[in-house]
Amino acid sequence: MRSSAHSRNAPSVCDCTPSGEFLFGAAADSSVAVVKTSSPVERAASTVPAEPPYFHDGRSVVRATVRTTRELRTVLAIASDLLTHRVDIGPVDFIVDAKGRAAFASSGVAFEVLVEDLGPLLRAEYAARGPRGEFRGHTQGGARNGEGGGADGGVAGDDFFTNFRTLEEIEAKLDALAAARPDLVTPITLGTSLEGRTIRGVRITKAPVGSPGVLFNATQHAREWGATTAVSYIAAELVAQYGVDPRVTALLDRAWVDVVPVCNPDGYVYSWTTNRLWRKNRRNNSDGSFGVDLNRNWAFQWGGGGASTIPADETYRGPSAFSEPESAALRDYFVRETSLAGHIDFHAYSQLILSPWGYTTTLPSNNAAFLALGSEMRASIARTTGASYIAGPIATTLYIASGSSVDHAYGAHGVPSYTIEVRDTGSYGFVMPASEILPNARENFAAALDLADATVDGAVLRLPSGAPATLEYDGLRTITIEARAMRGALSANPVTLYARVGSSGAFTPVTATAGAAGNFAADLPFDTCGATIEWYVTGATTVGTARLPRAPGATFSTTLVETNVAFEDTFVTNLGWIVGAPTDTATGGIWTRVDPVGTAAQPENDSDDTGAFCFVTGQGAVGGAVGAADVDGGTTTLTSPALAVPSSNASVVYRRWYSNNTGSSPNADSMPISISANGGPFVQLELVSENANAWIEKSFRIADVAPGATSVRLRIEARDLGAGSVVEAGVDHVRVLATGCPVVPGDLDRDGDVDAADLALLLSAWGESAGDINGDGTSDATDLSILLGAWS
């Protein structure tokens with residue numbers, strides 16, 4: 001990224017002094033300001049000339065939709081202040097002044113203005129702060145003014161995360177964690193910044209000495225406050241959940257977790273005092289520019305592509321590898337911590353989970369494991385908040401970027417490492433609203449736990465098809481498991497499935513059979529219809545044993561059933577689906593039943609059922625652009641015919657496609673899917689926001705959402721409500737399934753077998769109707785004969 005203040009095209013207002021210090025609450029024209037820092041080192045002078053804060057007045061955030069390489073060159077010639085990570089075909093965000101906007105307007109490149117003027121936005125944020133720079137309405141310790149921090153001193157509460165925090169407040173929070181739980185939390189120091197500030201963190205553990213550990217750090221780039229708060233939350237939540245949450249407790253009992261929220265304290269302070277969009281550290285480059293990009297300053301493959309040699313550029317790599325004390329402090333940490341098992345370097349923004357390599361598009365030898373764990377983190381995020389992240393290698397998902405922490409961790413030390421780019425995808429970018437802090441933090445805490453478990457235990461386990469809620473009792477009862485080593489190697493016959501009937505008793509182990517690379521299969525070892533099977537899987541490596549589900553004692557649950565298809569529609573013909581509703585407003589991309597023509601957002605084929613047809617939102621031309629036939633201008637509705645509900649155990653099942661992560665406003669929309677019982681009002685089944693760009697099958701037990709229904713209708717509403725959104729949707733293979741178990745004559749207790757228990761029931765009801773098998777109303781010798789004939 002290029003600078004937001006010190007680039008060659010930016011105003012020189014921020015080039016006044018190297019310090020960039022300003023006391024919030026002082027008048028903008030103050031000539032002297034003092035900033036209290038966390039460093040034990042006295043500042044060179046207690047009073048320094050104050051830089052007036054820079055608010056980017058008159059500058060706009062624009063999103064260009066780049067369609068060709070020629071347009072990409074045009075855009076890069078117009079705008080130097082890049083905000084998005086990927087510079088390629090597709091949407092790209094920039095900061096431009098009025099001259100830049102005029103150049104865009106005459107360039108022929110499609111663009112939209114996301115923020116008309118940054119000045120009012122940044123001035124309002126500045127005005128909301130108190131005399132120490134903290135946001136008003138909060139005490140330094142994190143509780144609201146007039147409120148206590150809770151019995152735990154604010155350790156476990158979310159009050160600290162209702163707004164962003166100064167460096168002083170973050171360090172006070174780390175101190176509070178250590179003070180509240182000295183048995184669990186130990187302060188750590190990594191080094192000292194260029195301006196003398198201490199780079200601080202905490203170690204959280206109950207594990208014995210010599211145990212493996214993980215590192216979560218943030219704020220190599222100063223302006224990425226969403227990453228700072230996410231990592232601070234990880235520390236607070238680990239402490240709060242130890243002894244409460246079994247998974248967190250088990251993790252800290254066998255591993256240590258180091259959390260370093262601010263790796264670039266000088267830049268972070270500067271982003272609070274002077275320039276909210278400052279990225280680099282505060283190195284005086286002696287040419288009128290300031291700062292080195294710390295995440296281009298690491299030694300492994302330093303000096304390659306994606307790192308600038310120009311000091312004014314945002315990606316300036318520095319004069320040499322580890323030239324900066326902040327990156328050198330992290331270098332020394334990696335050298336010192338020889339039992340480090342895993343690492344995430346948190347950044348903002350773009351909602352990405354990025355693995356090695358950054359310096360080359362060549363994939364690492366363990367890429368399949370990185371992708372598997374990335375997929376698990378992505379799924380955990382989606383389960384937590386519904387947010388959609390993209391996982392993949394840095395260079396092929398984003399861009400070439402040499403000299404990064406992730407490449408150095410894995411390339412120089414063999415530590416599995418990721419970068420997570422937190423929210424959002426451009427609607428607010430670096431200036432995250434306070435309302436987004438907790439959702440962002442919670443979803444990334446879920447991802448952090450996945451990384452910790454997989455790297456500490458040595459393997460990532462995942463169920464590519466998910467954990468089935470039901471399986472056919474008389475059919476295949478196969479569970480497919482993907483197992484990949486993150487550290488060490490998989491052991492011989494590494495995957496074992498453990499299963500039992502019901503919720504008590506011993507588990508039966510089943511050794512999984514290896515299939516295609518990384519995939520294993522094991523059959524549930526029971527076949528009684530109606531039985532509920534609890535099960536879990538383990539994966540043994542040379543450094544530990546992974547478990548799924550990850551929490552100790554947790555299991556998956558699968559019920560064995562017989563399934564009958566009461567209704568099935570593969571859209572070979574139209575069985576009565578209705579396109580349109582009185583409230584529809586869409587002007588394009590209307591639902592249509594076709595053999596779809598694929599784009600980057602729309603499926604090329606149906607979901608592989610009988611025939612080739614499905615319903616999709618609009619039908620484009622072969623080779624058409626991604627948004628050529630997408631939903632435009634509002635909502636388009638598709639409603640099913642009335643579907644009969646055969647029993648109380650019936651489920652409605654459908655396959656859906658949804659894409660909203662392309663265009664100039666990705667992830668701005670969602671798709672409600674609802675059900676109506678007996679002609680009544682519609683009740684929402686799900687609000688689809690995940691951009692799987694694949695057919696996803698969903699199943700809902702009708703009685704859970706529409707009790708007593710004898711017939712239902714399904715409704716799917718594809719919506720284009722965000723300016724610049726590309727919305728594509730599809731529906732296929734809709735079914736109503738009735739599950740149950742066949743009635744075996746003589747099986748009076750309905751356990752699937754005719755045995756002594758059934759004989760006892762018959763004899764106890766002799767002469768009465770309760771044990772009647774043949775339907776004559778009396779339990780007698782005829783019923784006994786039937787029972788004995790069916791004896792298992």
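Start by selecting D97, which caps the N-terminal end of helix 2 (residues 98-107). One of its side-chain oxygens lies 3.2 Å from the backbone nitrogen of K99. Keep in mind that this is a predicted model. Now move to the other side of the helix: just after helix 2, G108 takes a positive phi of about 90 degrees.

**Two loop residues with positive phi**

Most residues other than glycine have a negative phi, and most peptide bonds are trans. The next stops depart from that.

Select H56, in the loop between strand 2 (48-49) and strand 3 (60-66). H56 is not a glycine, yet its phi is positive, at about 60 degrees. With a relative accessibility of 0%, H56 counts as buried, so show the surrounding residues as sticks and hide any surface before you look for it.

Go on to T219, in the loop that runs from strand 9 (213-218) to helix 5 (225-241). T219 is again a residue other than glycine with a positive phi, here near 65 degrees. Its relative accessible area is 0%, and T219 is therefore buried.

**Two cis peptide bonds**

Select P356 and W357 together. The peptide bond that joins them is cis, with omega at about 5 degrees. W357 sits in the loop between strand 12 (352-355) and helix 9 (367-385).

Then select L548 and P549. The peptide bond from L548 to P549 is also cis, and omega is near -5 degrees. P549 belongs to the loop between strand 23 (545-548) and strand 24 (556-569).

**A buried glutamate**

Select E337, in the loop between helix 8 (325-336) and strand 11 (340-348). Is E337 buried or exposed? The relative accessible area of E337 is 16%; the cut-off for buried is under 20%, so E337 is buried. Add R203 and W256 to the selection: E337 touches both, leaving aside residues up to four places away in sequence.

**The cysteines**

How many disulfides does the model have? The count comes to 1 disulfide. Select C529 and C741, which it joins, with 2.0 Å from S to S. The torsion about the S-S bond is about -100 degrees, so the disulfide is left-handed. C529 lies in the loop between strand 21 (519-523) and strand 22 (532-541), and C741 in the loop between strand 35 (725-740) and helix 14, so the pair ties together parts that are 212 residues apart in sequence. C529 counts as buried, at 9% relative accessibility, whereas C741 counts as partly exposed, at 35%.

Two further cysteines can be selected here. C263 counts as buried at 1% relative accessibility, and C614 is buried with a relative accessible area of 0%.

**A pair of helices**

Two packed helices are described by the angle between their axes and the distance between the axes. From C741, continue along the chain and select helix 14 (residues 756-764) and helix 15 (residues 781-789). Their axes come within 11 Å and cross at roughly 180 degrees. Helix 14 and helix 15 are therefore roughly antiparallel to each other. To see the contact, show the side chains of D758, L759 and L762 on helix 14, and of D783, L784 and L787 on helix 15. These contact residues divide into 4 nonpolar, no polar and 2 charged.

Definitions and conventions:
Residues numbered from 1 in each chain as written. Predicted model: local features only at pLDDT ≥ 70, side-chain atom pairs only at ≥ 80, totals over all residues. Heavy atoms only, no water. Polar contact = N/O pair within 3.5 Å; in protein donor to acceptor, adjacent residues only side chain to side chain. Helix = DSSP H or I, 4+ residues; strand = E, 2+ residues; numbered from the N terminus. Axes fitted to C-alpha atoms, helices over the stretch in contact; angles between N-to-C directions. Parallel < 35°, antiparallel > 145°, perpendicular 65-115°, else oblique. Contact = heavy atoms within 4.5 Å. Nonpolar A, V, L, I, M, F, W, Y, C, P; charged D, E, K, R; others polar. Buried < 20%, exposed > 50% of the residue type's maximum accessible area, 1.4 Å probe, protein only. Disulfide = S-S within 2.5 Å.
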